Amino acid sequence: MTVTAENTALTFECETGNYHTFCPISCVAWLYQKIEDSFFLVIGTKTCGYFLQNAMGVMIFAEPRYAMAELEEGDISAQLNDFNELKRLCEQIKRDRNPSVIVWIGTCTTEIIKMDLEGLAPKLEAEIGIPIVVARANGLDYAFTQGEDTVLAAMANRCPAQTPVTETEKNERNAIQKLLHFGKKKEEVIEEESEYVNHPPLVLFGSLPDPVVTQLTLELKKQGIKVSGWLPAKRFTELPVIEEGYYVAGVNPFLSRTATTLMRRRKCKLISAPFPIGPDGTRAWVEKICSVFGITPQGLEAREAQIWENIEDYVKLIRGKSVFFMGDNLLEISLARFLVRCGMTVPEIGIPYMDKRYQAAELSLLEKTCQEMGVALPKIIEKPDNYNQVQRIYELKPDLVITGMSHANPLEARGINTKWSVEFTFAQIHGFGNARDILELVTRPLRRNNNLKDLGWDKLVREATTA
């Protein structure tokens, strides 16, 4: 397809103004596992409790580090004392679990009844002696993954503002370095430390599984860049030191509130880079950080080429096919850019919320990628109207639709291939090494259909439908 004059710039539209997404309180699912000394208390109604049970599952033998503080009719009518009840619950959490931090997750109900969580938390924190972090993760104001964004923004304010002085404090804060230096001799550690370039401190933000944290930290280490810390850390007591003038870079496109907090409240300098999703995005992410520190990147071109060679067996399955994003988890722009690089076309990207400033570098890379691949630029629709989207899907007939869980089965029943967007949220998709995992998810419905054709199943379905 040739790029015409009418599609040489990205177009943006906004439709209903509603969020058609998974509930943001689901961020508890991955954050309580990431921050190992935390406890998450979700304050809401029974509906929120049912959602958490269904979305996260309940393990019989393992007691997870999250709970529901259920608001009853009396609480909603403002007849009971919120402070005393929350104090009772937090004292029980302290007695039973003894966490380093308790995170209160505010839901829609706390917004509607105007519950003053930020006012209650400092008083209760002083009484029980455990830090209480308040994060609003209600579906009225936030889309699916923005729940994590509000938690990290609140935690950014709790990061220590001064470099540790004593050896004990230094050891507590050096979680990343301890992980990288595990099992090495002192001489080897000193030699490795000398390989780093002299540059200002860099803190990365975004919740990722430990193996991915290690991968991205090592990718930067190969360029002589030292990561001073990650937000969040594995433990609340290991939150990174953030002083004025520190550089910060995000790894997820939905963390605009955290980025704003780090810039405005902590006076950090944000490195605006594409996100490390896919080999093309990872290379661009590393290159941008290198350029800010005046470092010439080494070996990235060969590294990216090697990854593309390794995933060619998956890429050939989707090359020339089309994908439509209905919008759910705010990863849509990054995934679309990667799939365009794989040879797909993307007629439309639906996205619940778009911060054009925070995603500026990613949008620029998407535009550049479409031009290089010779395909039309996608139309980007913020807060899309699902009814209108379904009509457009019928007209465009895409080979794959990446959508929220609620629309997947109805679309499949109409013969449209779908993939749950929530799966990309929980999968490891960052860095050079995980590009294969993205394509494993994208190609699964296409491979499934090919296997069914081989079995003659599609013929049986047609006959049953026309009978």
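1. Let's start with the place where helices α4 and α6 meet in this predicted model. From α4, the residues involved are D82, F83, L86, K87, C90, E91 and K94, and their partners in α6 are L120, K123, L124, E127 and I128. Sorted by type, the residues of this contact are 6 nonpolar and 6 charged, with no polar ones.

2. Now for the geometry of that pair. Two packed helices are described by the angle between their axes and the distance between those axes. Here α4 (residues 82-97) and α6 (residues 117-128) pack at about 45°, and their axes are 11 Å apart. Angles from 35 to 65 degrees fall among those counted as oblique, and α4 and α6 are therefore oblique to each other. Their crossing is right-handed.

3. Just past α4, have a look at N98. N98 sits in the loop between α4 and β4 (101-106). N98 is not a glycine, yet its phi is positive, at about 45°. Is N98 buried or exposed? With a relative accessible area of 57%, N98 is exposed.

4. L330 makes a nice companion to that point. L330 also has a positive phi without being a glycine, in this case about 70°. Its loop runs between β10 (323-325) and α16 (332-341). The relative accessibility of L330 is 1%, so L330 counts as buried.

5. R136 is worth a visit in your viewer. This arginine lies in strand β5 (residues 132-136). Buried means under 20% relative accessible area, and R136, at 16%, therefore counts as buried. What does the side chain of R136 make a polar contact with? One partner is the side chain of E118, at 2.7 Å. The R136 side chain also reaches the backbone oxygen of M115, at 3.2 Å. Setting aside neighbours within four places in sequence, R136 is in contact with G106, T110, E111, M115, L117, E118, Y142 and T150.

6. A second arginine, R158, is in the loop between α7 and α8 (167-173). R158 has a relative accessible area of 32%, so R158 is partly exposed. Leaving out neighbours within four places in sequence, its contacts are E125, P131, I132, V133, F236, L239 and R266. R158 and I242 make a pair to check too: they are 84 residues apart in sequence, while their C-alpha atoms are 9.6 Å apart in space.

7. Helix α12 (residues 256-264) is next. Which residues of α12 are buried? They are S256, T258, A259, T261 and L262. These buried residues pack against one helix, α7 (146-156), and against the strands β6 (202-205), β7 (227-231), β8 (247-250) and β9 (269-270).

8. One peptide bond to inspect is the one from L231 to P232. This bond is cis, with omega near 5°. P232 is placed in the loop between β7 and β8, and both of those strands are among the elements that the buried residues of α12 pack against.

9. Finally, the chain as a whole. The chain has 22 helices and 14 strands. Of its 467 residues, 52% are buried. Among contacts in the chain with a separation of 6 or more, 76% come from residues 24 or more positions apart.

Note on methods. Residues numbered from 1 in each chain as written. Predicted model: local features only at pLDDT ≥ 70, side-chain atom pairs only at ≥ 80, totals over all residues. Heavy atoms only, no water. Axes fitted to C-alpha atoms, helices over the stretch in contact; angles between N-to-C directions. Helix = DSSP H or I, 4+ residues; strand = E, 2+ residues; numbered from the N terminus. Parallel < 35°, antiparallel > 145°, perpendicular 65-115°, else oblique. Left-handed = near helix turned anticlockwise from the far one by under 90°. Contact = heavy atoms within 4.5 Å. Nonpolar A, V, L, I, M, F, W, Y, C, P; charged D, E, K, R; others polar. Buried < 20%, exposed > 50% of the residue type's maximum accessible area, 1.4 Å probe, protein only. Polar contact = N/O pair within 3.5 Å; in protein donor to acceptor, adjacent residues only side chain to side chain.
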